[in-house]
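Welcome! Here is a short briefing to help you find your way around a new structure, a few spots at a time.

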Amino acid sequence: MTQTAIKAPADVAFSPAVKTIQTRKGSREGYARMEQAHGWRHEVDADLAGRLAEATSFYLATASADGQPYIQHRGGPKGFLKVLDSHTLAFADYSGNRQYITQGNLSENAKAYIFVMDYAHRRRVKIWGTARVVEDDAALMESLMPRGYKARPEQVILFTITAWDTNCPQHIPQKFDAADVAEALAVRDARIAELEAEVAQLKGENEPSV
């Protein structure tokens, strides 16, 4: 399916073949109403920007010219996947195992897909679009590199959004980042210590004098 065949953002995923199956299985009418009412979004709004600002991990999917798919994980501190404008996302691509499968795929097939999973809040974001690798813009790479993060940036990946959507939380297990759990436990332990100190003080005040 080519970009010129897309009449609505959802068409990036709802190809004629998909719509045929939706019709056969009884879901096409509901999705058609959704597309007419509001459809999928194709620009970064406050909702998407807020979700991406909290993301510490996402998956980037690409495919070779002959359609062989590949999914690569990318992680970093909150905000490492940055919004450049209403249609463009970007991140510093760190040096890794040097297989360059994603870069090879993008050199012959620009279509790409970002999947962001937020286990703590049981929500996910799906983003369709195109991507390209930028290797010769040191200023851009520096602007995208998280301050103090111990990684070596090798290049930049720019992602142009075609459409994005969210899913319901059904079947998403709730999990929490170790750092967030540690922070919550530290707050709890500090409060316990504070209460224990108050109890000890009250006991001391109420002890009979000799």
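## A first look

Leaving aside neighbours within four places in sequence, glutamine 155 is in contact with Phe91, Ala92, Asp93, Gln103, Val133, Val134, Glu135 and Met141. Please keep in mind that this is a predicted model. The points below start with glutamine 155 and then visit a hairpin, a helix and a surface patch.

**Glutamine 155**
- You will find glutamine 155 in strand β7.
- Its relative accessible area is 3%, under the 20% cut-off, so glutamine 155 counts as buried.
- The side chains of glutamine 155 and glutamine 103 make a polar contact (3.1 Å).

**The hairpin of β1 and β2**
- Strand β1 (residues 57–63) and strand β2 (residues 69–75) run antiparallel and are joined by seven bridges.
- Phenylalanine 58 has arginine 74 of β2 standing opposite.
- Five residues lie between the two strands of this hairpin, where glycine 67 takes a positive phi near 95°.

**Helix α1 and what follows**
- Helix α1 (residues 16–25) lies largely in the open, because one of its 10 residues is buried.
- Glycine 26, just after α1, takes a positive phi of about 90°.

**A nonpolar patch on the surface**
- Phe176, Val181 and Leu185 make a nonpolar surface patch of about 260 Å².
- Phenylalanine 176 sits in the loop between β7 (153–167) and α6 (178–206).
- With a relative accessible area of 52%, phenylalanine 176 is exposed.

How values were computed. Residues numbered from 1 in each chain as written. Predicted model: local features only at pLDDT ≥ 70, side-chain atom pairs only at ≥ 80, totals over all residues. Heavy atoms only, no water. Pairing = 2+ DSSP bridges. Helix = DSSP H or I, 4+ residues; strand = E, 2+ residues; numbered from the N terminus. Patch = residues over 30% accessible without salt bridge, like charges linked within 9 Å, V, L, I, M, F, W, Y side chains within 5 Å. Areas by Shrake-Rupley, 256 points an atom, 1.4 Å probe, with all protein chains shown as cover. Salt bridge = Lys/Arg side-chain N within 4 Å of Asp/Glu carboxyl O. Buried < 20%, exposed > 50% of the residue type's maximum accessible area, 1.4 Å probe, protein only. Polar contact = N/O pair within 3.5 Å; in protein donor to acceptor, adjacent residues only side chain to side chain. Contact = heavy atoms within 4.5 Å.
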